[in-house]
Each structure stands twice: as C-alpha cells, then as structure tokens.
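Got your viewer open? Load up the structure and keep the selection tool handy; we'll walk through it stop by stop.

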Amino acid sequence: MIPAYSISKAAGSNLTQSLRSLLKSQGVTVHGVFLGPIDTDMNRGLEIPKAPPAAAAQGIFDGLEKGEEDIFPDPASFPAAEGWRAGIAKRMGFLYQQQPEQLDHDRKATEQEGTLTKPPITARWSGFRIQKISPPPMNSRSLPGFTIEGRIGGAPPKQQEDNMHSLASKTMVVIGGSRGVGRQIVEAGIRNSARVLAVARDEGRLARVAREVPGTETLSLDATDEAAPAKVFGVLKPDILVVAAGAFPPTAPLHKQNWHEFAVNWESDVKIAFHFVKAALSTPLSAGSTIVLISSGAALAGSPNSGGYAGAKRTQIFMANYSQKESDRLGLDLKFLVLAPRMMPDTELGKHAVAGYSHYLGISASDFIKSMATPPTSSDVAAGVIELVTRPNRPKESVFIVTGKGLEAVAA
Ligand SMILES: NC(=O)c1ccc[n+]([C@@H]2O[C@H](COP(=O)([O-])OP(=O)(O)OC[C@H]3O[C@@H](n4cnc5c(N)ncnc54)[C@H](OP(=O)(O)O)[C@@H]3O)[C@@H](O)[C@H]2O)c1
C-alpha cells in the first residue's frame, strides 16, 4: 500500500548492512532499528494498534543492552523479527559473524602455499563467500538439475544445456542486450529458437550483436525514458521480458561520494525496472508471460564501496514482489522473477567493480578475483534464465542467487 515508503526503508536497511560490513573491522557496531506502528503524529488518524513512543524507546535500549545488531523494539515488530532472524538475517549473520575467522583461516592456508602475502583485508568484504556456508541456510533451496552443489551427474556442459528448441514460437525482449549478461541471454534465446529483440542505447554495439548472433532483432533507445516500454512493446510484445540494463556503480566509500554519484543506480537500474514492470502490468503483457529482473547478490549482502547500488538492486526485488502481488490480484497470470548474480568478473560492469574493490582493499585485481568463491559468469546467468523460463511448471520461488555453481532460491 505504501511502496515508496517500504522501498526507502529497505534502502536504509541496506545502507545499515553496508556500514556494518565496512566498520566491523574497526570495532564499530552498527545497529538497525525496525519499528512497528508507534503512536506519533505520523500515524495519527490510522485505526491500527500502536505502541507508545516511550515503550519503543525503552525497547531500543533493551536491544542495545542485549547486544542485538537488529533491534525490534515494540510488540508490533516482534512477528517481523521472527521472519527476519529465521530468514535473510540468519544468512547475513553467518557472513558477518563467522566469515572473518574463516577468511583468516583461508589466508593462513594460502600464505603457507606462498600465493598471497597481503594482509587479510578481504575479511572486510564478506559478501562473496556465500558458498562457504555449510549446511545451506534454512531459507534457501537448490533447484533440481541446477544445484549449488553443481550440476547433476551426467548433465551436459553449459553451452549445450539449453533445450535447443524449447523457446520456439516464444518472443523474448532483452533490455540491455548488447553486451555482458544481456548479450548472453540474447544468444541463449536465439539458440533456443525464440524470436529475440535486443535493446540498448549504443547502435554500434547492437549492430555487432545482429551481425554476430544471426536472427537477433535490435532496437536502440534509452530505457530510462518513460516512453521506452511502449516503443519496445510496439516492436515486439514479449512472452519473456528480461530487464538486464543497469549503470556502472560508483566505486568509492559512502563519504567520498556526492548524492548524484550515490544515486546513479536509482536513476538507471531502478528507473528502468520501474518503467518496464509498470508497463508489463498496465499494458498488460499476455497471460503466461514472464518478467525477469537482473538484480545483484549485493542486494542481499550490501556493497560498501558502491554507493546506492545494493539498495537499488534490493528495490528491484521489492518491485518484482509488488508486481507479482498486483498480477495475482488482477488475475493477469504474469510471473515476475529475479536473478541476483554474485559479482561477474567477465563483463564490463564486473571488471569495473573488480577494479574498484581491489583498489579499495589495496590488492591486485587477480588476488581479488582469487578471493571470490565460485563467481558466476555471464553465461551462468543466461543458463539460469533459460532454466527458469523453460520449465514446464513455473517455479514457486521467485528470487534466485546465481553463483558459479548455479541457482539458489532465497526468501527475499
Ligand atoms: N557484472 C557484475 O558483476 C554484476 C553482478 C550482479 C548483477 N549485475 C547486474 O547485471 C546487469 C547487467 O550487468 P552487466 O555486467 O552485463 O553490465 P554491462 O556489461 O555494462 O551491460 C549493460 C547493458 O545494459 C545496457 N544499458 C545500460 N544502460 C541502459 C539504458 N539506459 N538504456 C538501455 N540500455 C542500457 C548497455 O548498453 P548501452 O550502454 O549501449 O545502452 C549494455 O547492453 C546489471 O543490472 C547489473 O547491475 C552485474
């Protein structure tokens, strides 16, 4: 009912996680407070149960005394605490509390092997080690045939794993289809016999895709433009709409950025997703269509060197959730999916992020890449999209982390 409010609070929460990660090594604890409805002016006139402000304030101090990082201080916030602690925060807890020791152990082992002489600064950046978690977190499960343990024995190699004609007679639009992840998805769509339209701004790059991936249709436009979806759907109305376009995030810690730099992914990634999910619902796309947003693993783990990037990518997850609810309410039979890949060093955006983080941490790009546990490639993400859209039955889950080992469904 109040999407912009929840989205801005989600961004605040993501910032909390990023700061927590950034400042942990300096002994600073960053707390997040998650209030339920409180009896203040903001809620005046709302006929809902509200906690007295004094009780909420007391709850915050109690939480601090108990050493809680995420504090749910009033009775109305207790049910949310349960879901939070059993779900995504459980995973974050693994990352923040156990990673430094694990990383230190890894570093010692690596130093003994003589391959790394730098200090253990990667301990500050825990987000990439998700595959080290064992057993897998409670709120995730692997997909048959595409599991976090690896592909099921005897499965064909990645390039051949598409079902060749599984998308025959389907139309596919890829926003951001001229390079990186989007281009791999375009290629996978063509290999699977879909009719594919690649959309991006740079005409030269699009011409190259059309030349190198025969059969691909192209359209040059700026997807942040409000009129973009109507133009795209006028050329090809998609059964499968993939929104992969996004801007290079800033590569500096929070205090070294201005607002314009911090907000760059909100003005691009969030805006593009907003225009296209809105158009998917209001056009609407045909019943049975699938909309796939390419978010990022940073949406769940935070990314302290990338300004508003993690919050923007988290917002894309919210937008998909909200859109799914609206589709269900309106009986449109659309399916909204989100893929959240970990950092992919093989794309231009990924190389930019690797350069930013290695500079931030004071290590070489190759050492930084070595510190990442099974990063995905752009073709892993494309394989994940094909896997999800060609299943005979739609997956129940809607948000999937992508690593080099495959897809992992998460409750987010
Ligand atoms: N690479 C990673 O490590 C990584 C990790 C997790 C998530 N992701 C996400 O995955 C998505 C794709 O990333 P990538 O690494 O493939 O990026 P990339 O190599 O930079 O490709 C981005 C694509 O989007 C297009 N694009 C950007 N802005 C656009 C706009 N305003 N209108 C139309 N097209 C636009 C680009 O073409 P033009 O510039 O010609 O328009 C290009 O085709 C992004 O949303 C990114 O946040 C990336």
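Which helices each supply at least two residues of the shell around the ligand? Select α5 (180-191), α9 (264-282) and α12 (348-361): each of these does. Bear in mind as you click around that this is a predicted model.

Stay with the ligand for a moment. The largest share of its shell, four residues, comes from α12. Now show the 30 residues around the ligand and highlight Gly-176, Gly-180, Gly-246, Thr-347 and Gly-350, which come nearest. Colour the shell by class and you'll get 12 nonpolar, 11 polar and seven charged residues.

Next stop: strand β7, residues 240-243. Turn on its side chains. Ile-240 and Val-242 point one way, Leu-241 and Val-243 point the other way, and all are buried. That fits the usual pattern, because side chains in a regular strand alternate between the two faces of the sheet.

Bring in the neighbours of β7. Strand β4 (residues 171-175) runs parallel to β7, joined by four bridges, and strand β8 (residues 290-294) is also parallel to β7, again with four bridges. Click Leu-241 to see both pairings: Val-173 stands opposite Leu-241, and so does Ile-291 in β8.

Last, select helix α7, residues 228-235. Ala-228, Pro-229 and Val-232 are buried here. Look down the axis of α7: the buried residues fall within an arc of 90°, so they line one face of the helix. Flip to the face turned away from that buried side and you'll find the exposed residues Ala-230 and Gly-234. To see what covers the buried residues of α7, add elements including β4, β5 (195-200), β6 (217-220) and α9.

Terms used: Residues numbered from 1 in each chain as written. Predicted model: local features only at pLDDT ≥ 70, side-chain atom pairs only at ≥ 80, totals over all residues. Buried ≥ 20, exposed ≤ 12 C-beta atoms within 10 Å, placed from the backbone. Pairing = 2+ DSSP bridges. Near = placed C-beta within 6 Å. Nonpolar A, V, L, I, M, F, W, Y, C, P; charged D, E, K, R; others polar. Arc of directions from axis to C-beta. Contact = placed C-beta atoms within 7 Å.
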